[in-house]
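The following note offers comments on the structure for a first-year reader. Please read the points with the sequence and the model at hand.

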Protein chains: 2
Amino acid sequence: MYISARADYALRAMLAVADAAGTPGDAVTGGGELVKAASLAESQDIPLSFLQGILLDLRRAGLLHSHRGTEGGYALTRPPDEISVGDVLRAVGGAITSVRGIPADRAGYHGVATGLRDVWLAVDGAIALVVDRTTLADLLSDRATAP
Amino acid sequence: MYISARADYALRAMLAVADAAGTPGDAVTGGGELVKAASLAESQDIPLSFLQGILLDLRRAGLLHSHRGTEGGYALTRPPDEISVGDVLRAVGGAITSVRGIPADRAGYHGVATGLRDVWLAVDGAIALVVDRTTLADLLSDRATAP
DNA sequence: AGTATTCCTATTTAGTTGGTAGGAAGGGTG
DNA sequence: CACCCTTCCTACCAACTAAATAGGAATACT
């Protein structure tokens, strides 16, 4: 499995939003629930303008709610324990398993290679099992218990 | 998981070698156990010169045995039921799960994103479970039972 | 009105991937 | 030995994708 910079950044940004929103008294956010893109970029070392494109994807996928203006920023649309890693990956990356760029379930094999398609589908299922059962809340609590 | 053309071709070639070697009376191979690169390329629609580089990788990984000359060709070094899909993938691709090009187990996360590393390791383990328990023999017999 | 901020598009840059070409080295055959 | 055949190896090219940048709209608060 290849995790692109885009996917990696998206997850880190979502975690940072979840974390900031969960601590209302935080100094960086000024006590509000909305987190600015600039503060996300700084806390996780992500190029700001690149991050903005990613945040746009996440908003279009319905994972983030945004607000413009002076006191603008981003917030989760659902609680962290209802957003899985898989949700975020699919929002920025499309299909999780692909063969030469095309989705695994429509790979055209013939002759002796016919069985390969089933292998890729099994891999896809195994990955989905992991990323779909792990939520943002899980990742945040892991950090709390093992710093 | 992204399966590159290189990995895809490698698996198809290995299956074709296994299949040809398992049927000694085959017209294409002429009755010998060695299969020529040209015949592999044709049977699975793989560009010949590209395939040669892949076969070289497979040989260097110890999965294929080669012989030059007029009656040259390639053969498996082990029976098909002792070669897994994972063996072939690792021979041509390096690490199975990577974050931005670097192996998952040495991804440097900090702050709120610390837990991500464990997710990638879990994904890597889940993929390994699938590709390491599936052998070339499994794939060939699948084809025989469901043509 | 003015300012801060999100939003969106276009462009540049670097790296990887897929594929090709041409020969050198080794093996069989007359 | 001379000659074909096949694997081996290196260098190279073209296309594509990812990553990052820049600059300008649109929107909301003061």
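How do the residues of the surface near DNA strand C divide into nonpolar, polar and charged?

1. The model under review is predicted. In it, the residues of the surface near DNA strand C comprise eight nonpolar, eleven polar and six charged. Among the 25 residues around this strand, those that come nearest are Leu56(A), Ser66(A), Gly69(A), Tyr74(A) and Ala5(B).

2. Sugar or phosphate accounts for 73% of the atoms of DNA strand C within 4 Å of the protein, and bases supply the rest. A polar backbone atom of Ala37(A) is 3.1 Å from a phosphate oxygen of the strand, whereas Gly69(A) places a polar backbone atom 3.4 Å from a sugar or linking oxygen. From chain B, Tyr9(B) has a polar side-chain atom 3.1 Å from a phosphate oxygen of DNA strand C. The elements that give two or more residues to this surface are α3 (48-60), β2 (64-67) and β3 (73-76) of chain A, with α1 (5-22) and α3 (48-60) of chain B.

3. The two protein chains also meet: 43 residues of chain A and 43 residues of chain B take part in the contact. About 3,700 Å² is buried between them, and carbon and sulfur atoms give 68% of that area. On the side of chain B, Met1(B), Arg100(B) and Val112(B) lose the most area to chain A, together 20% of what that side buries.

4. Twelve residue pairs are in polar contact between chain B and chain A, but zero salt bridges are found across the interface. α5(B) gives the most to the side of chain B that touches chain A, with nine residues. The residues of that side divide into 26 nonpolar, eleven polar and six charged.

5. Strand β1 (residues 2-3) of chain A runs parallel to β4(B), joined to that strand by two bridges. Ile3(A) has Val99(B) as its bridge partner in β4(B).

Technical notes. Residues numbered from 1 in each chain as written. Chains lettered and ligands numbered in written order. Predicted model: local features only at pLDDT ≥ 70, side-chain atom pairs only at ≥ 80, totals over all residues. Heavy atoms only, no water. Near = heavy atom within 4 Å. Polar contact = N/O pair within 3.5 Å; in protein donor to acceptor, adjacent residues only side chain to side chain. Helix = DSSP H or I, 4+ residues; strand = E, 2+ residues; numbered from the N terminus. Nonpolar A, V, L, I, M, F, W, Y, C, P; charged D, E, K, R; others polar. Contact = heavy atoms within 4.5 Å. Buried area = accessible area lost by both parts, 1.4 Å probe. Salt bridge = Lys/Arg side-chain N within 4 Å of Asp/Glu carboxyl O. Pairing = 2+ DSSP bridges.
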